[in-house]
Amino acid sequence: MAKQGVEALPTAAKLMAFYLSRDRVLGLLNPQHLPAHVVAALQGHDVQMSAAILSNAVGSYLLQTIAAGRVKTLPQLAFEGELKEGTPFIYNGHFTGKGFAATNKTPALNLTERLDEPLAGKKLVFEFSKNGLVNDTAYTRMSGSTRLFAFGYITSIDDTTIRAVPYVIGDLVASSHAMTSPFVPTLELRPEDIEQFAGMDETWFPSQAEFKRMAMVSEQAVKELICCLLGEYSVPSDWGGEESDVLSANLLVAGHRHTGAFLLKGPARFHPMKPTDLGKNGDQLYRLFNIPAQIYVVQHCHTIGAAVRKQAEAFALARSFVSPCRIVFMDGFTTARLLRAHGLWPATAPISRRGKPA
């Protein structure tokens, strides 16, 4: 049975701006395609509800520009060798905002964040002026430790820093929700929401000793189970240049069939998944999201680390502007429940080198 209230695909996003560079946005958008009141607000004319127009109306045109231009994330640009000055990009995640205090008498503001693989060792710095803040809320939302969406372009790159200037900075929210809520969480789908994976005992948590049994379960065994549950008659073989481990058009969510692409990781590295575990060049997630699918599944025999989750969410967000998609994280606990539900959970603990149960 389909779960009630589970949407097959994410709702459309809406961008609520806290900072907007009117000059840069006017240079990016075609004024002939904008309503007169939006153009007037961007040009700085005294129009009614100017702040509201800049905060709420302009974002939709910028999201259309991002989609039309297939604007990418910094990791995607890095993998493609396109990380260079003048390149536009999107970023959604944690920032530290500086310069927003009342004691700061200069117009200079910045947002900074240390980056993960494939850009570990570098930090991202957005530099801009108070003149572009569109409302008083910006001072509280953008200061200190915060989470924001930014669309801008690179101005310089050195060994430690990627500097950029923004077109817009704000909150990316789900447009169909009655109450404002972040958009990115709507991209994540729970494994049990896939009908073929339903039936797992969500109340069962393996003990630490039981969890070690996941080290006994091969990636091939998990692949065979998934293919069986999805009605795939052949199990694809592994090869070095694969973009996914399983590709199936049979995933059922809320009674609708979708195409899913799977990245599977077995116990060869039985530890929390890190970006460096994802292929020789760390680009397996990048290659996964190059596949035209509607659901992307990242499965691992152990836990899935924060850096992997952030990178996957960034890739899912970039693809969602082009084509609606969802992302599923199946960690070792979920995989154990799925194996157990189908009678494949190992009955004994792995044996240590000393011949005793591990």
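**Sheet, cores and ring pairs in a predicted model**

Arginine 337 lies over the face of phenylalanine 205, at 4.6 Å from the ring centre. A second contact of this kind involves arginine 309, whose charged end sits over the ring of phenylalanine 329 at 4.5 Å from its centre. The structure is a predicted model, and the features below are read from it.

Phenylalanine 329 leads to a sheet, since valine 298 has this residue as its bridge partner in β10. The sheet is open and has 4 strands in the order β7-β8-β9-β10, with mixed pairing. Its edge strands are β7 (246-253) and β10 (326-330), each of which pairs on one side only. From one strand to the next the twist averages 30°.

Strand β9 has partners on both sides. With β10, strand β9 (residues 295-300) pairs in the parallel sense over 5 bridges, and tyrosine 296 stands opposite isoleucine 327 in β10. With β8, strand β9 pairs in the parallel sense over 6 bridges; here histidine 300 of β9 stands opposite lysine 265. Strands of a sheet pair through backbone hydrogen bonds, in either a parallel or an antiparallel arrangement.

Which residues of β9 point one way, and which the other? Ile295, Val297 and Gln299 point to one side, while Tyr296, Val298 and His300 point to the other, and all are buried. Side chains in a regular strand alternate between the two faces of the sheet. The strand is mostly covered, with 6 of its 6 residues buried.

Two helices pack on this sheet. Helix α7 (residues 219-229) touches β7, β8 (256-265) and β9, and its direction makes about 175° with that of β8. Helix α9 (residues 306-322) touches β9 and β10, and the angle between its direction and that of β10 is about 160°.

Helix α9 also takes part in the nonpolar interior. The largest nonpolar core has 50 residues, and those with the most contacts inside it are Leu20, Phe149, Phe151, Leu285 and Phe289. To this core α9 gives the most, with 7 residues. Leaving aside residues up to four places away in sequence, leucine 285 touches Leu263, Leu278, Val298, Val308, Gln311, Ala312 and Phe315. Apart from this core lies another, of 28 residues, among them Phe211, Leu229, Leu251 and Trp345. In soluble globular proteins, nonpolar side chains tend to be buried together.

Aromatic rings add a further set of contacts. Ring pairs link Phe79, Tyr286, Phe289, Tyr296 and Phe315 into a cluster. With ring centres within 6.5 Å as the criterion, the count comes to 16 aromatic pairs. In one of them, the rings of tyrosine 91 and phenylalanine 95 have centres 4.7 Å apart and planes at 50°, so the pair is tilted. Both tyrosine 91 and phenylalanine 95 are buried.

Why is the pair of phenylalanine 151 and tyrosine 167 tilted? The centres of these two rings are 4.7 Å apart and their planes are at 40°, so the pair falls in the tilted class, which holds planes that are neither under 30 degrees apart nor over 60. Phenylalanine 151 lies in strand β5 (residues 144-157) and tyrosine 167 in strand β6 (residues 161-174), so the pair ties together parts that are 16 residues apart in sequence. Phenylalanine 151 and tyrosine 167 are both buried, and phenylalanine 151 is one of the residues with the most contacts inside the largest core.

Note on methods: Residues numbered from 1 in each chain as written. Predicted model: local features only at pLDDT ≥ 70, side-chain atom pairs only at ≥ 80, totals over all residues. Heavy atoms only, no water. Phe/Tyr/Trp six-rings, centres within 6.5 Å; stacked < 30°, edge-to-face > 60°. Buried < 20%, exposed > 50% of the residue type's maximum accessible area, 1.4 Å probe, protein only. Helix = DSSP H or I, 4+ residues; strand = E, 2+ residues; numbered from the N terminus. Lys NZ or Arg CZ within 6 Å of the ring centre and 35° of its normal. Pairing = 2+ DSSP bridges. Axes fitted to C-alpha atoms, helices over the stretch in contact; angles between N-to-C directions. Contact = heavy atoms within 4.5 Å. Core = buried A, V, L, I, M, F, W, Y, C linked by side-chain atoms within 4.5 Å.
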